[in-house]
Amino acid sequence: MKFGKVDNPELIDFTLPADHPDTQVVLSKGKQEETLQVYIGCAKWNRQDLKNFYPRGTKDELAYYASQFNCIELNATFYRIFSAEQYTKWYEKTPGHFKFFPKVANEISHLRRLNDQIYPTVDRYLEVTSNLKEKLGTIFLQMHNNFGPKNWDRVVRFVEYWPKEFPLALEFRHTDWFNDVKVAQELYHLLEENNIANILVDTAGRRDIMHMRLTNGEAFVRYVGANHKSDYDRMDDWVDRLKHW
C-alpha cells in the first residue's frame, strides 16, 4: 500500500497517540467472558507483492498464503466486482478458521462517492461477497482523500442502507473528519449507534489522521510498514496497545 509512504521514515515520529477518552467507554461495554480474536494478514497474496515469500514451486499462492496467515484484506475487490463463482473458489482454497476482509468496490466509494446511484451496486457487491459465508470478516469502505464532511448526508444514507448482518468498517482520509471536534463527535456517534468500526490507519506520511478512537469492539488497524528498522518497534507498540485494550 503506497498511501502515506515517505522517502525518509527515520525522520517520522511513529509514537502511537493516546487513546481518545471515549475509547475506554466503548471497551467497557464489552463482555468480560469474550475471547480476544486477532487476525493478521496482508492486502494481497500476489507473488509479486510478497517477494521471496512463496517457496520455489508453489502452485497455489492463496492456499500457501492461508497456511501462514489467518486472514487477507482482499484489496482486489476494490477494483472490480468478482463473480459468485470466484468467491466460492477462494472459500474452498482456505481453511475453516480463515477470514476475508474485503474492500468495497471503488465504483461505490471513489467513482460515485456514495451518491444516490450506488445502491444497486451495493446490493450486487453484497450478493456475491456473501459466498464467503462464515469466512467473511468485516467489509471495509475506504473513502478518497478529498471526501470531506460536506458529504455528511451521503455517509448517513449509506450507513442507514447497509444491511446490519454484514459487519462494516469505515476509513476516512480527510483530516476534517477527525480535527473538527463537532464533526468528529457526530461521526463517532453515527458509527457507534450502528456498530461500525472506525478504521485506524498507521502510515508514515499521514500522522494527521492517526487516531485512537474505537467505535465498537473491533480494532480494525490498517498498518503500512515503512521497510525500515522502525517497523519492529512500531509492531511492538501495537502489541502493547492491543494488550491494554
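In what sense do S1 and S2 pair, and over how many bridges? The two strands pair in the parallel sense, and they do so over 2 bridges. The model described here is a predicted one, and the sections below take up its sheets, its helix packing and a few individual residues.

## The sheet S1-S2-S3

The pairing of S1 with S2 belongs to an open sheet of 3 strands, whose order is S1-S2-S3 and whose pairing is parallel. Strand S1 (41-42) and strand S3 (99-100) are the edge strands, each having a single partner strand, so one side of each is left without a neighbour in the sheet. Within the pair formed by S1 and S2, Gly41 stands opposite Cys71 of S2.

The loop that runs between strand S2 (71-72) and H3 contains Leu74. Although Leu74 is not a glycine, its phi is positive, at about 65 degrees. Leu74 is buried, with a relative accessible area of 2%.

## The sheet S4-S5-S6

A further open sheet has 3 strands in the order S4-S5-S6, again with parallel pairing. Its edges are formed by strand S4 (139-142) and strand S6 (197-198), each of which has a single partner strand, so that one side of each is left without a neighbour in the sheet. The pairing between S4 and strand S5 (residues 168-171) is in the parallel sense and extends over 4 bridges, and in S5 it is Leu170 that serves as the bridge partner of Leu141.

Although S4 stands at an edge of its sheet, both of its faces are covered. Ile139 and Leu141 lie on one side and Phe140 and Gln142 on the other, and all of these residues are buried.

## Helix H5 and its surroundings

Which residues of H5 are buried? They are Tyr119, Thr121, Val122, Tyr125, Leu126, Val128 and Thr129. The elements against which the buried residues of H5 pack are helix H3 (84-92), helix H4 (106-111), S4 and H6, S4 being the strand whose two faces are covered.

The packing of helix H5 (residues 119-129) on helix H6 (residues 152-161) has an angle of about 40 degrees, and the axes are 12 Å apart. Because of that angle, H5 counts as oblique to H6. The crossing of these two helices, H5 and H6, is right-handed. On the side of H5 the contact is made by Tyr119, Val122 and Asp123, and on the side of H6 by Arg154, Arg157, Phe158 and Tyr161. Sorted by class, the contact of H5 with H6 comprises 4 nonpolar, no polar and 3 charged residues.

## Helices H6 and H8

H6 also meets helix H8 (residues 181-193), and here the axes come within 11 Å and cross at roughly 10 degrees. That angle makes H6 roughly parallel to H8. In this contact Trp152, Val155, Val156 and Val159 of H6 meet Glu186, Leu187 and Leu190 of H8. By class, the contact of H6 with H8 has 6 nonpolar, no polar and 1 charged residues.

## Arg213, a buried loop residue

Arg213 is placed in the loop between strand S7 (200-202) and strand S8 (221-223). Is this residue, Arg213, buried or exposed? Arg213 is buried, its relative accessible area being 2%, which is below the cut-off of 20% under which a residue is taken as buried.

When its neighbours within four places in sequence are left aside, Arg213 is in contact with His20, Asp22, Thr23, Val26, Tyr188, Glu192, Asn198 and Leu200.

## Exposed positions

Asn227 is found in the loop between S8 and helix H9 (230-244). Asn227 is not a glycine, yet it has a positive phi of about 55 degrees. With a relative accessible area of 74%, Asn227 is exposed.

Glu85 lies in helix H3, and with a relative accessible area of 54% Glu85 is likewise exposed. The C-alpha atoms of Glu85 and His20 are separated by 43 Å, the two residues being 65 residues apart along the chain. His20 is also one of the residues with which Arg213 is in contact.

Methods
Residues numbered from 1 in each chain as written. Predicted model: local features only at pLDDT ≥ 70, side-chain atom pairs only at ≥ 80, totals over all residues. Heavy atoms only, no water. Axes fitted to C-alpha atoms, helices over the stretch in contact; angles between N-to-C directions. Parallel < 35°, antiparallel > 145°, perpendicular 65-115°, else oblique. Left-handed = near helix turned anticlockwise from the far one by under 90°. Contact = heavy atoms within 4.5 Å. Nonpolar A, V, L, I, M, F, W, Y, C, P; charged D, E, K, R; others polar. Buried < 20%, exposed > 50% of the residue type's maximum accessible area, 1.4 Å probe, protein only. Pairing = 2+ DSSP bridges.
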